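Got the structure open in your viewer? Here is a short tour, one selection at a time.

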Amino acid sequence: MNVIDLRSDTVTLPTDEMLEAIRNAELGDDVSREDPTVNKLEEMAAARFGREAALLVPSGTAGNLVSVMTHCVRGDEIFCEAEAHIYYYELGGMSAIAGVIPRLIKGRKGVYGPQDLDDAFRGRELHFPNPALVEIENTHNRAGGTCWTPKQVDDVAKAGRRLGMKVHIDGARIFNACVALSADPGSYAKNVDSLTFCLSKGLSCPIGSLIVGDEEFIGRARKNRKIIGGGMRQAGVIAAPGIVALTKMVDRLKEDHDNAKALARGLVKECGLKIDMASVQTNIVVAEVDANGAERFIERARKDGVLLSEFGRSTVRFVTHRGITADDIEEVLSRLSA
Ligand SMILES: Cc1ncc(COP(=O)(O)O)c(C=O)c1O
């Protein structure tokens, strides 16, 4: 029985073309900015998002941390959605390392609006931490891969600016949002101060994320990347598949979205799971199983050769990606409904 791995799009393996690109990459010392392949990827990423500059970092977590360190000083406050990855899954790095305190905003399907930000904002009074940064997650992982529209981002960014704060997007899966909404990446990046995106998820690269922003910000971020040990030497071996990803791997994300929708429909119809279909917008499906039954469900699925992630005591997550075909979806439904 073949194993069908729906735990995450991070399980994707590099394509042959990526491996070939790694083999042929022109390399140099990127800490001294002498790796032509990294320089090319950073230029491509900046251009793709319509911003002045970009910085290659080892991971999405590093991208968020470096961005927070670059925007904030210790004791600052950052506003983020209540289940944002930066708060929920990054080991409190924003506090442990950057020294900032999160203020949580409950969103609707991962999205909050300017009024929510206004309501959460307590002002710059003596007793409060300094409100410094607004964080937006697009697509929102724990909400089920839901998308912010460019207008929703702009409205919150405008409110954040009015309140004297900077704005950062955790766009680990921003290209999923771009494909789902036919939105240009630049339409997300134009009114924010920084945006990170990952090469290593649906885009199938083995490693790597980028931060985009203006020259001045990226210059300071480069120093913070070095502080956390993220200065890499012949990082062209990471950048080379990244160039393939940006050129070739974005449009195919639609296939993952179609597979996720088919999977969600089948899980409801054939397996009796509860799913909020309106939140199945990209490549993530969050399903409710029996009360406190997530672990049991996952174990049973594992025995049937289907790998999933636990998302709560009674919720499980399925993620579609390049390693999953429409036939695999049929097979998953047949195994889980048996
Ligand atoms: C929304 C979001 N942000 C950031 C990250 C962190 O990325 P990495 O695993 O590369 O550190 C993830 C990882 O899944 C994510 O889903």
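Start with S182, which counts as exposed because its relative accessibility is 69%, over the 50% cut-off. Keep in mind that this is a predicted model. S182 sits in the loop between α8 (174-181) and α9 (185-189). Check its backbone: phi of S182 is near 50°, a positive value in a residue that isn't glycine. Most residues other than glycine have a negative phi, and most peptide bonds are trans.

Next, pick K109, where phi is also positive, near 50°. This residue is in the loop between β4 and α6 (114-120). With 36% relative accessibility, K109 counts as partly exposed.

While you're looking at backbones, select N138 and T139. The peptide bond from N138 to T139 is cis, its omega being near 0°. T139 belongs to the loop between β5 (130-137) and α7 (150-162).

**The ligand**

Now center on the ligand and show what surrounds it. The shell consists of S59, G60, T61, N64, H85, E90, E137, N141, D170, A172, R173 and K201. Color by type and you'll get one nonpolar, six polar and five charged residues. Which helix gives the most to this shell? That's α3 (residues 60-71), with three residues.

Turn on distances between the ligand's oxygen atoms and side-chain N or O atoms. For T61, an oxygen of the ligand is 2.6 Å from such an atom. The side chain of R173 has an N or O atom 2.8 Å from a ligand oxygen, and for the side chain of N141 the distance is 3.1 Å. Switch to a surface view: the ligand taken alone exposes 380 Å², and the protein buries 84% of that.

**Salt bridges**

Side chains of opposite charge can pair when their charged atoms come close. A search of the whole structure turns up 22 salt bridges, so here are a few to click through.

Try K248 and E17: they form a salt bridge whose closest N and O atoms are 2.5 Å apart. K248 is in helix α11 (residues 236-249) and E17 in helix α1 (residues 16-24), so this pair ties together parts that are 231 residues apart in sequence. Both ends are partly exposed, K248 with a relative accessible area of 47% and E17 with 39%.

Then go to E77 and R122, whose side chains meet in a salt bridge at 2.8 Å, N to O. E77 is in strand β3 (residues 76-81) and R122 in the loop between α6 and β5, so to speak a link between distant parts of the chain, 45 residues apart. Is E77 buried or exposed? E77 is buried, at 4% relative accessible area, whereas R122 counts as partly exposed at 35%.

D116 and R108 come next, with 2.6 Å between the closest N and O atoms of their salt bridge. D116 is buried, with a relative accessible area of 18%, while R108 counts as exposed at 52%. Then select E299, R302 and K303, which are linked in a network of salt bridges.

**Last stop: a nonpolar patch**

Finish on the surface with Y87, Y88, Y89 and L104, which make a nonpolar patch of about 350 Å². L104 is placed in strand β4 (residues 101-105) and counts as partly exposed, with 34% relative accessibility.

How values were computed:
Residues numbered from 1 in each chain as written. Predicted model: local features only at pLDDT ≥ 70, side-chain atom pairs only at ≥ 80, totals over all residues. Heavy atoms only, no water. Patch = residues over 30% accessible without salt bridge, like charges linked within 9 Å, V, L, I, M, F, W, Y side chains within 5 Å. Areas by Shrake-Rupley, 256 points an atom, 1.4 Å probe, with all protein chains shown as cover. Salt bridge = Lys/Arg side-chain N within 4 Å of Asp/Glu carboxyl O. Helix = DSSP H or I, 4+ residues; strand = E, 2+ residues; numbered from the N terminus. Buried < 20%, exposed > 50% of the residue type's maximum accessible area, 1.4 Å probe, protein only. Near = heavy atom within 4 Å. Polar contact = N/O pair within 3.5 Å; in protein donor to acceptor, adjacent residues only side chain to side chain. Nonpolar A, V, L, I, M, F, W, Y, C, P; charged D, E, K, R; others polar.
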